[in-house]
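I opened this notebook to record, step by step, what I looked up in one protein model. The entries follow the order of my reading.

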Amino acid sequence: MLNSMMIFNLHNSLQWPDRKNFHLILVYFFEKYSNSVFQQEGNSVDDGFANLFSDSRCMPLKRLKLRNSTLGNEALKRLLGAHRLTEVDLQRCSRLTDQCFETLNATSDQLLSLSIGDDTGIFPKTLHSGSDARMTSAYEARGFMLRAPKLKRLSLRMQCERKYFLTLLRPLRSLTHLDLSCCGGLGCLDYLDEMQCLMSLVLYNVQGVQSMIPAICSIKSLRHLDISQANEKHGKFLDENQALLLLIQNLPNLESLDISGTNLAGTGAAVMHEGPVNSDSGVSDIPGLKSRAFRPLEFLGLYGTMHGACHRHDIPAKRISGDANEQQILTAAAAYLDRPEILQKVLNDLYHLFRFESCQDLNMALTLVLGAMDRHRTEKHIQISGSATLFYIVKGKEKQVFVPHIKKRIVSTLLNAMSAHKDDDTMMRNGCLTLCQFKIPQDVLFEYQRLVEILLHIVSDMEQEGFVQRIGIYLLNSLACQVDGTQKQLLGDMGAMDKMLRIIEDRLQRRHCDDVLEVAWSTMWNVTDETAVNCQRFLEGGGMDLFLRCLNTFHEKEELLRNMMGLLGNVAEVKHLRPKLMTSEFVNVFANLLDSNTDGIEVSYNAAGVLSHMASDGADKWTMTTPRREDVLSRMVGAVEKWDLNTERNINYRSFEPILHLVNVNHTPECQHWAVWALANLTEVYENKYCFLVIEEGGIQLLYALLAHEAPYPRIKELATKVIDKCREQFPEHLVFHQEMSSSVECSRSELVLMPVLAHMDQY
């Protein structure tokens, strides 16, 4: 997680010139990426981070772009005062107030672009500080509100009065781009008549545009005009064909026009003309644009227009935003990325395109969906539509072409959405289903902790027996597989064991065995693998009581029994925990399971493993009178000898260390019997994987020591020889055997010399 303290400490740890290079990198990062990187949970440009840039000599900034920032007034004042900023873009910075306005004015000499969102209150709310509106304000008296002599681009979201906008905008005669989207109280815009350089005017979601048409027609320099509406009731113009014609005739330089959500396209029918379309024919299915049939617009916004204008045939524009086809939908998504009301509908159209048809420009679709979700993290419907579309994108056959950084961005964007809307069932379902399309855990390791937090919330706090809980616990179990001990311990530290135990308790109380119960035990099996602290958490959380209750209540459930015994095998490997298993009740249960045929040999195998580890501590540690140790060991050997050495297994060993430990237990050969049988079976059935693991972990030396010892009986030595021969057969180049003969036991053991193998790791 990125924060100011981490960067500050890193900065101070560097020496010059490394610190200078760090400055350059940090400035580049801040200007280029702060708008997207700080969307992630817990990341925010706060006052501490901003203070890193207080010295413009070390880290000069030109652009300041902040979204969802917790920056305060004083920090912004320092940034404005320290740097000659050319671009300021502040969106959703709720701590900023009009206390910063005069500082912005005083430092605006080089300002070229200014964008302020409606939830960022830098601009004064009124012209007057007092209650008498008849008084001439200080802004009127000095002839301007915002000085900014070089300002070219201005974007505002405000609800004021006409006089306010007149005082603010009339002096800004150098403006080339003006965005007044969602502004209220603009009046008729007659104060824009002196803006002879204005090329772009955006009046999206502005009411009363019909009264502004005369003023708009006077701005002959306009190349882009946007008078679109999100709500069609505000987009109804009187004499709509004539209104559009008036705009077109009076704006000769117009190249881009957006009339989405209005009736300005008229009621022209979508007529399909026979033969090739001739752009010189003067045909247009939009009456007000007939004069542009010879000179089509570069862009025309028709999304959500009344009477389905985007579905018409002859539309005089090169690019069209609408919902008629893939190109129109993607064009709309790109055009309305900053308009959540429209974007939500566009993403829904894109979702239906992926679900029921097909999308050819997959890369563009992915870029737009990720951009939309990153920009509008708090908009639930955008996140739901976006995540549903992501599912179909990554589910498709093209998913293999995603490069690592794209995969990372998809995963991070999904987790941002799930974190922001963690109590919404649909959002969590979409997120989990999409994550299932990735390689777990490999593709998500960089976000491991955050994903675990989300999944633990799903499995413990969302609807019990719901689909989301089921898929959440499957993902959590996958995260516990094939990761190292540090991550397994992290799972336990974050409460995974406790939450699994609570799920089991819930199912027992309702006497209901389902796949969630089975996977809860499987998850604990994985989390306790070679992780003693999690084994202890299992015991301290009442795990053994739950084991016995599940065994009695759901004794016919094979998968459940296998998972439970696998977990207890992990617990039994921890020496200081074995005394907690040394009760007559537990040992009788384990001994009886030796005869189980459940799930092949797996339950019997794990029961024998548990008993072998318990017996390996010696006869003096067998603290009960019944059952007798020798009886249990005899039953265990009988069970082992019933197993087929060629049995395929439903098990995965990352290390043989616990088994190899038992190979050394000469005081109890029965323990060695189980251990050597396990090695013989695994190296016989999965020779490529497990022969190498035996060699790598020093197993061959231990097996030769066993062969030389007098305690193990012949069957044990026979199995040990099978393992050695199989390893030699599979990897002869890695083993060189040297036999030294001696009369003493210690010197009569075969000495194994291991050749270097690390250089060959990749081929296995």
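Before turning to volumes, I noted that a cavity is a set of grid points where a 1.4 Å probe fits but cannot get out. I also kept in mind that the model is predicted.

**Entry 1: the cavity**

I asked how many cavities of 30 Å³ or more the structure holds. I found one. The volume of the largest cavity is about 30 Å³.

Next I looked up which residues line the largest cavity. The lining consists of Leu 80, His 83, Leu 85, Val 88, Leu 104, Thr 107, Ser 108 and Leu 111. I sorted these lining residues by character and obtained five nonpolar, three polar and no charged.

**Entry 2: a pair of helices**

I then turned to helix α17, which covers residues 467–480, and helix α20, which covers residues 515–527. Their axes lie 9 Å apart, and the two helices pack at an angle of about 20°. Angles under 35 degrees count as roughly parallel, and therefore α17 is roughly parallel to α20. As for handedness, I recorded that α17 passes α20 in a left-handed crossing.

Which residues make the contact? On the side of α17, I listed Gln 469, Arg 470, Ile 473, Tyr 474, Leu 476, Asn 477 and Ala 480. On the side of α20, I listed Asp 515, Val 516, Val 519, Ala 520, Ser 522, Thr 523, Asn 526 and Val 527. The residues of this contact divide into eight nonpolar, five polar and two charged.

**Entry 3: cis peptide bonds**

I looked up peptide bonds that are cis and noted two entries under this heading. The bond from Ile 440 to Pro 441 is cis, with omega near 10°. I located Pro 441 in the loop between α15 (425–435) and α16 (448–461).

The bond from Thr 626 to Pro 627 is also cis, and its omega is near -5°. Pro 627 is placed in the loop between α25 (602–615) and α26 (629–642).

**Entry 4: positive phi**

Finally, I looked up positive phi values in residues other than glycine. For Asn 205, I recorded a phi near 60°. Asn 205 belongs to the loop between β6 (200–202) and α8 (213–217).

For Arg 511, which is not a glycine, I recorded a positive phi of about 50°. Where does Arg 511 lie? I found Arg 511 in the loop between α19 (496–509) and α20, and α20 is the helix that packs with α17 in my second entry.

Note on methods: Residues are numbered from 1 along each chain as its sequence is written. This is a predicted model: local features need pLDDT of at least 70, side-chain atom pairs count only at pLDDT 80 or more; totals for chains, interfaces and linings use all residues. Side-chain values use heavy atoms; hydrogens and water are left out. Axes are lines fitted to C-alpha atoms, for helices over the stretch in contact, and angles run from 0 to 180 degrees between N-to-C directions. Helices (H or I, at least four residues) and strands (E, at least two) are DSSP runs, numbered from the N terminus. Angles under 35 degrees count as roughly parallel, over 145 as roughly antiparallel, 65 to 115 as roughly perpendicular and the rest as oblique. A crossing is left-handed if the near helix is turned anticlockwise from the far one by less than a right angle, and right-handed if clockwise. Contact means heavy atoms within 4.5 Å. Ala, Val, Leu, Ile, Met, Phe, Trp, Tyr, Cys and Pro count as nonpolar, Asp, Glu, Lys and Arg as charged, and the others, Gly among them, as polar. On a 1 Å grid over the protein atoms alone, a cavity is a set of points where a 1.4 Å probe fits but cannot get out, and a pocket is an open set with protein on both sides within 12 Å along at least five of seven lines; lining residues have an atom within 4 Å of a point. Grid points are joined across faces, edges and corners, and a volume is the space filled by probe spheres set on the points.
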